[in-house]
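This report looks at two features of one model, a covalent link between side chains and a small sheet with the helices that lie against it. Please keep the sequence and the 3D view at hand while reading.

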Amino acid sequence: MRRAAVAVAATAMALSLAACGSAAESDENKDSSDSAAAEKGDAIKVGLLLPENQNARYEKFDKPLIEKKVKELTNNKGEVVYANAKQDTTLQSQQVDTMITNKVDVLIVDAVDSKAIAGSINKAKSQDIPVVAYDRLAEGPIDAYTSFDNVTVGKTQGEALLEALGDKAKDGQIVMMNGASTDPNAAQFKEGAHAVLDGKVNIGREYDTKEWKPENANSNMQAAISALGKDKIIGVYSANDGMASGVITALKRAGIADIPVTGQDAELAGVQRIIAGEQYMSVYKSYPQEATVAAEMAVALAKGESLDSIAKEKVDSATTKGIPTVLIPVVSLTKDNIKETVVKEGYYTLDEICSGNYKAACDKIGLK
């Protein structure tokens with residue numbers, strides 16, 4: 001019995017020592033990682049992965065704005081390594097692998113598919129590379145997240161559509177052109193829109209539009225017109241401006257005019273359609289604010305600094321709880337506030353908006 005007790009005690013001591021050694025090793029690794037981040041200082045490498053190039057915003061706004069802010073925050077010593085997935089989930093996964101191989105210090109990821117990207121994010125974390133989820137809340141061990149309040153975006157679109165329809169809201173059918181089913185933002189836009197529209201309009205047809213592509217929205221809209229009849233459609237909820245262009249092309253082809261169509265992103269073509277009266281509204285989202293926050297988060301994480309002064313909110317994803325978060329407010333953009341929004345914040349000049357055939361439309365609404 002005594003020998004057994006001694007053996008048990010010896011085993012326990014060995015396990016205890018092993019555990020202490022493991023904990024010490026873990027602490028050493030953490031200290032080493034923090035020390036490496038501190039030693040790197042401003043000379044950090046930020047991996048930026050954006051999802052697609054169909055929407056003009058990513059190349060025109062997000063990429064250059066993030067690059068500029070990273071430079072500002074790092075005394076021009078920080079580097080942004082960029083890749084665009086062109087709406088290809090597999091390509092984006094390969095791009096993450098390349099970023100890991102190139103030893104970036106932090107990743108900013110706008111996921112093509114929020115679920116599919118989780119494995120890649122786990123790979124990054126296994127190499128001690130923190131990840132900022134940008135614009136879309138990706139799954140996996142995310143360290144920080146910034147976007148817009150997506151449910152509010154949908155509500156803003158729904159409210160604008162109801163305002164445009166007025167007393168005729170139930171005199172016919174509306175079509176809902178939602179975004180891609182692989183995008184968690186699309187589900188939130190839809191949720192917000194339904195919260196406002198349900199019970200107040202008749203929804204004749206509703207689509208989740210593959211890859212957000214305008215040509216897919218165009219095909220969906222043609223199907224809706226065929227199913228409902230062109231005289232029955234009184235408005236269209238379109239989740240973004242790109243799809244609105246496809247919707248409006250289908251409406252014109254069918255001889256349907258003067259019905260409100262919503263949008264999002266304040267693309268130049270969308271703003272011009274609003275001026276021309278072809279599109280009722282878009283949702284103006286301040287990409288400068290979003291890009292600034294993403295850059296601040298990325299630089300702080302790369303340097304091993306706290307996010308407490310940047311992120312005051314927390315959100316949960318399907319896989320991660322309590323993610324430090326900054327949500328940027330949104331504005332309903334109509335012909336009445338173009339100058340106070342996209343022009344004032346430097347998105348576009350009046351010369352860009354009112355170019356060519358749009359000059360007369362600008363003059364008509366007093367946009368000078």
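A disulfide is a pair of cysteine sulfur atoms within 2.5 Å. The model examined here is predicted, and by this rule the count comes to 1 disulfide. The bond joins Cys-354 to Cys-362, with a distance from S to S of 2.1 Å, a value that lies within the cut-off of 2.5 Å. Seen about the S-S bond, the link of Cys-354 and Cys-362 has an angle of -90° and is left-handed, and both Cys-354 and Cys-362 are buried.

The second feature is an open sheet of 3 strands, which has the order 7-6-8 and parallel pairing. Strand 7 and strand 8 are the edge strands, since each of them pairs on one side only, and from one strand to the next the twist averages 15°. Strand 6 and strand 8 pair in the parallel sense over 5 bridges, and here Gln-173 stands opposite Ile-233 in strand 8.

Which strands does helix 5 touch as it packs on the sheet? Helix 5 touches strand 6 and strand 8, whereas helix 6 lies across strand 6, strand 7 and strand 8. The table sets out the direction of each helix against a strand of the sheet.

| Helix | Residues | Reference strand | Angle |
|---|---|---|---|
| Helix 5 | residues 150-165 | strand 8 | about 160° |
| Helix 6 | residues 184-197 | strand 6 | about 160° |

Technical notes: Residues are numbered from 1 along each chain as its sequence is written. This is a predicted model: local features need pLDDT of at least 70, side-chain atom pairs count only at pLDDT 80 or more; totals for chains, interfaces and linings use all residues. Side-chain values use heavy atoms; hydrogens and water are left out. Buried means under 20% relative accessible area, exposed over 50%, partly exposed in between (1.4 Å probe, protein chains only). Two strands pair if DSSP finds at least two bridges between them. Helices (H or I, at least four residues) and strands (E, at least two) are DSSP runs, numbered from the N terminus. Axes are lines fitted to C-alpha atoms, for helices over the stretch in contact, and angles run from 0 to 180 degrees between N-to-C directions. Contact means heavy atoms within 4.5 Å.
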